[in-house]
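Trainee: I should like to examine the terms applied to the ligand and its surroundings. Could each be set against its definition?

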Amino acid sequence: MKSYEVNFDGLVGPTHNYGGLSYGNVASQSNSQQSSNPKEAALQGLAKMKALMDMGFQQGVLAPQERPDVAVLRRLGFAGSDAQVIQQAAKEAMPLLVASCSASSMWVANAATVSPSADTADGRVHFTAANLNCKYHRSIEHPTTSRVLGAMFADQQHFAHHAALPAVAQFGDEGAANHTRFCRAYGEAGVEFFVFGRSAFDTRYPAPQKYPARQTLEASQAVARLHGLREEGVVYAQQNPSVIDQGVFHNDVIAVGNGEVLFYHEDAFLETDRMLAELSSKLAKVGGKFQSVCVPRSAVTVDDAVRSYLFNSQLLSRPDGSMLLIVPEECRGNERVWQYLQGLTGSGGVIGEVKVFDLKQSMQNGGGPACLRLRVALNQTELAAVNPGVIMTAPLYDSLTQWVERHYRDRMTENDLADPQLLLECRAALDELTQILKLGAVYPFQIN
Ligand code: SUG
């Protein structure tokens, strides 16, 4: 049976802003308080989705969340009408209002970890929503994420959904940003590769000194258990703590994998040789031939990787067996990175072409092409069971573009977040969006 990797991209929400909310994420911290352009951000994301669809890849869309999240502000003690809640928060606790307005759900690589049916014990596609426990503004995403994923992948015969792990730092889980799957073909059994930043319970593992390690070993192991993965189909590896301290807050900022290929930076992992050998032998057991492409620090430094997001790229398989790398414009702006990429594609290796996308609005908050997509490997029957409303088509692209043009502002600063009118605008937009994407009622304002 035919199988596919479907990329579901996060649609940027109407409150996209630079809140400086992510300590350890260099871009988020350095662009804090700059004015943003939500309309441009959403259109940049849609242009990438359209381009991939036009190239023949399967493309889907994942809806943004209700923001400002008035319900979480109420849980923090703000009261009165919705407008009063927003105004009181703006006056007394602006950072909490900013956090409740973040459009961070656009980075859907963090929405969930997904295991395809060929890997799981019950033969269903499994999803575990990520608790995103490290940052308050992200920890409030998972209840709506679960409802949206449930509306997209509703058929219980094919899809199984798990609630986010317990909401404590010991089970900090950032979803697919620290998870990659290797396989010979998307529909065949593969090897799931979980990368963690620290162990919560075993003090023998080192940990970063400056910035937080968001993903724990124990969280990754829990997800593998929930999904019913075989031990022979799983490899765990630790991220190098020193790169976390240099701003690599997720493994997908320093490595990307697809099919039988891992593209990674020399400094990305601890015990790299052991890890590569385990990936290679486990992939061989399911008929695959593991290949790694290591980028040496002499060619591209960790700092270059963090600034350019070279590894936060999408590595896509083309029908002829070669691979295409989708990188952000910032890679072209970095001389060493661009030179490396020219050499890579000219070398006759597996990565044959690079395509560049302008995603500046998202990049300024630390989100590149790979952050903006959640990969779901599906066979033909499973793809047919996905809610068709969320699969990208030319007419859907047109309706979403018009929807953005109608509802989004082209400038947003902290002051705008305090405007109670923004909440009404966002709810009107999202209500319409759930109809366009045929999601039913998924937002708090629709169900409470
Ligand atoms: O969690 N930025 C996100 C970026 C996530 C990128 N995702 C992956 N690498 N997969 C984060 O740090 C910034 C929000 C702000 O500062 O306004 C933010 O949440």
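Mentor: The discussion below takes up the ligand, its contacts and its enclosure. This is a predicted model, in which local features need pLDDT of at least 70, side-chain atom pairs count only at pLDDT 80 or more, and totals for chains, interfaces and linings use all residues. Residues are numbered from 1 along each chain as its sequence is written, and side-chain values use heavy atoms, with hydrogens and water left out.

Trainee: What makes the space taken by the ligand a cavity?

Mentor: On a 1 Å grid over the protein atoms alone, a cavity is a set of points where a 1.4 Å probe fits but cannot get out; lining residues have an atom within 4 Å of a point. The ligand takes the space of the second largest cavity, and a molecule sits in one if more than half of its atoms lie within 2 Å of its grid points. The volume, the space filled by probe spheres set on the points, is about 170 Å³. Its lining has 21 residues, with Ser22, Asn25, Trp107, His137 and Asn365 closest to the centre.

Trainee: Why is the pair formed by Arg214 and the ligand called a polar contact?

Mentor: A polar contact is a pair of N or O atoms within 3.5 Å. A polar side-chain atom of Arg214 lies 2.8 Å from a ligand oxygen atom, so the pair meets that limit. Backbone N or O atoms also qualify, at 3.1 Å for Gly20 and 3.4 Å for Asn17.

Trainee: How much of the ligand does the protein bury?

Mentor: The protein buries 100% of the 490 Å² that the ligand exposes when taken alone, by the Shrake-Rupley method with a 1.4 Å probe.

Terms used: On a 1 Å grid over the protein atoms alone, a cavity is a set of points where a 1.4 Å probe fits but cannot get out, and a pocket is an open set with protein on both sides within 12 Å along at least five of seven lines; lining residues have an atom within 4 Å of a point. A polar contact is a pair of N or O atoms within 3.5 Å; within protein, one must be able to donate a hydrogen and the other to accept it, and residues adjacent in sequence count only if both atoms are side-chain atoms.
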